[in-house]
Amino acid sequence: MGKSYLSINFSSNIYPDKDLFVKTNTIVESLTGNRIYTSIADDVTILKTKNDLLGSFLSRMATGNKQLTAEKNVARKDLEDYLHVIGARVQDISAGNEVLLLSSGFDLRRKPTPVGMLDMPAKVTVTQGKQSATLNVTWEVVLNAYNYVLRYTIGAVPEN
């Protein structure tokens, strides 16, 4: 079956402020009284306190100002950092057991699957850059591509 891993990415792209607050409440509720994770009960209490602080900022954001927004952002960053700490402890205690991990309220990281051979980029365009001896190269994104390797030559490429 293999070892499972927690997803501990709580960036604002994935969890807007209100969603992070709700997700953290779910984690706190799942870990509170969970006999598997009794050794981190004190950490769960701290996590709840940090989440309550974020919640208090969220409830005041409608009448907020720049200072309040800055304080909320600091509270969010502190909460994210502590979620990473708790997540690492949960991962260690569970030893990668999927059932134990799911009982924590955290989400699991997607298991990697082979994607096979990727297609070549389509709609490749090359235009002269604004500065001398520069080129702008664009192409359509290739699904599942992690990075691209660009090669150039002065002459034509021989047919294979």
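Buried residues account for 27% of the 160 residues in the protein chain, as computed from a predicted model. The exposed surface of the chain amounts to about 11,800 Å², of which carbon and sulfur atoms supply 56%. The radius of gyration of the protein chain is 23 Å, whereas a compact globule of 160 residues would have a value near 15 Å. Taken along the principal axes, the C-alpha atoms of the chain fill a box of roughly 70 × 50 × 20 Å. The protein chain contains 4 helices and 2 strands, and from the N terminus on these elements follow the order α-α-α-α-β-β. Among contacts between residues at least 6 apart in sequence, 61% join residues that are at least 24 apart.

Helix α1 comprises the 15 residues 17-31, for which a span of 21 Å is expected at 1.5 Å a residue, and this agrees with the 21 Å that separates its end C-alpha atoms. The buried residues of α1 are Asp17, Leu20, Lys23, Thr24, Ile27, Val28 and Leu31. Because these residues cover an arc of only 140° around the axis, they lie on the same side of α1. On the other side of this helix, Lys18, Val22 and Glu29 are exposed. The packing partners of the buried residues of α1 are α2 (41-60) and α3 (66-94). Helix α1 is followed by Gly33, a residue with a positive phi, near 75°.

Helix α2, with 20 residues, reaches 29 Å from its first C-alpha to its last, which is close to the 28 Å expected at 1.5 Å a residue. Its buried residues are Asp43, Val44, Leu47, Lys50, Asn51, Leu54, Gly55, Phe57 and Leu58. When α2 is seen down its axis, these buried residues fall within an arc of 160°, and they therefore line one face of the helix. Asp42, Thr49 and Ser59, by contrast, are exposed on the other side of α2. The cover over the buried residues of α2 includes α1 and α3, and α2 is in turn one of the elements against which the buried residues of α1 pack.

Within helix α3, the surroundings of one residue, Lys72, were examined in detail. Lys72 is buried, because its relative accessible area of 7% falls under the 20% limit used for this class. The side chain of Lys72 makes a polar contact with the side chain of Asp17, at 2.6 Å, and Asp17 is itself one of the buried residues of α1. When residues up to four places away in sequence are not counted, Lys72 touches Asp17, Leu54, Phe57, Leu58 and Met61. Among these partners, Leu54, Phe57 and Leu58 belong to the buried residues of α2. The contacts of Lys72 thus include residues of α1 and of α2.

A contrasting environment is found at Ala156, which is placed in the segment after β2 (135-138). Ala156 is exposed, since its relative accessible area of 77% is over the 50% limit that defines exposure. The C-alpha atoms of Ala156 and Val142, two residues that are 14 residues apart along the chain, are separated by 25 Å.

Definitions and conventions:
Residues are numbered from 1 along each chain as its sequence is written. This is a predicted model: local features need pLDDT of at least 70, side-chain atom pairs count only at pLDDT 80 or more; totals for chains, interfaces and linings use all residues. Side-chain values use heavy atoms; hydrogens and water are left out. The expected span of a helix is 1.5 Å times one less than its number of residues. Buried means under 20% relative accessible area, exposed over 50%, partly exposed in between (1.4 Å probe, protein chains only). The arc is that of the directions from the helix axis to the C-beta atoms. Contact means heavy atoms within 4.5 Å. The radius of gyration is taken over C-alpha atoms; the globule rule is 2.2 Å times the number of residues to the power 0.38. Accessible areas come from the Shrake-Rupley method with a 1.4 Å probe; for residues, only the protein chains shown count as cover. A polar contact is a pair of N or O atoms within 3.5 Å; within protein, one must be able to donate a hydrogen and the other to accept it, and residues adjacent in sequence count only if both atoms are side-chain atoms.
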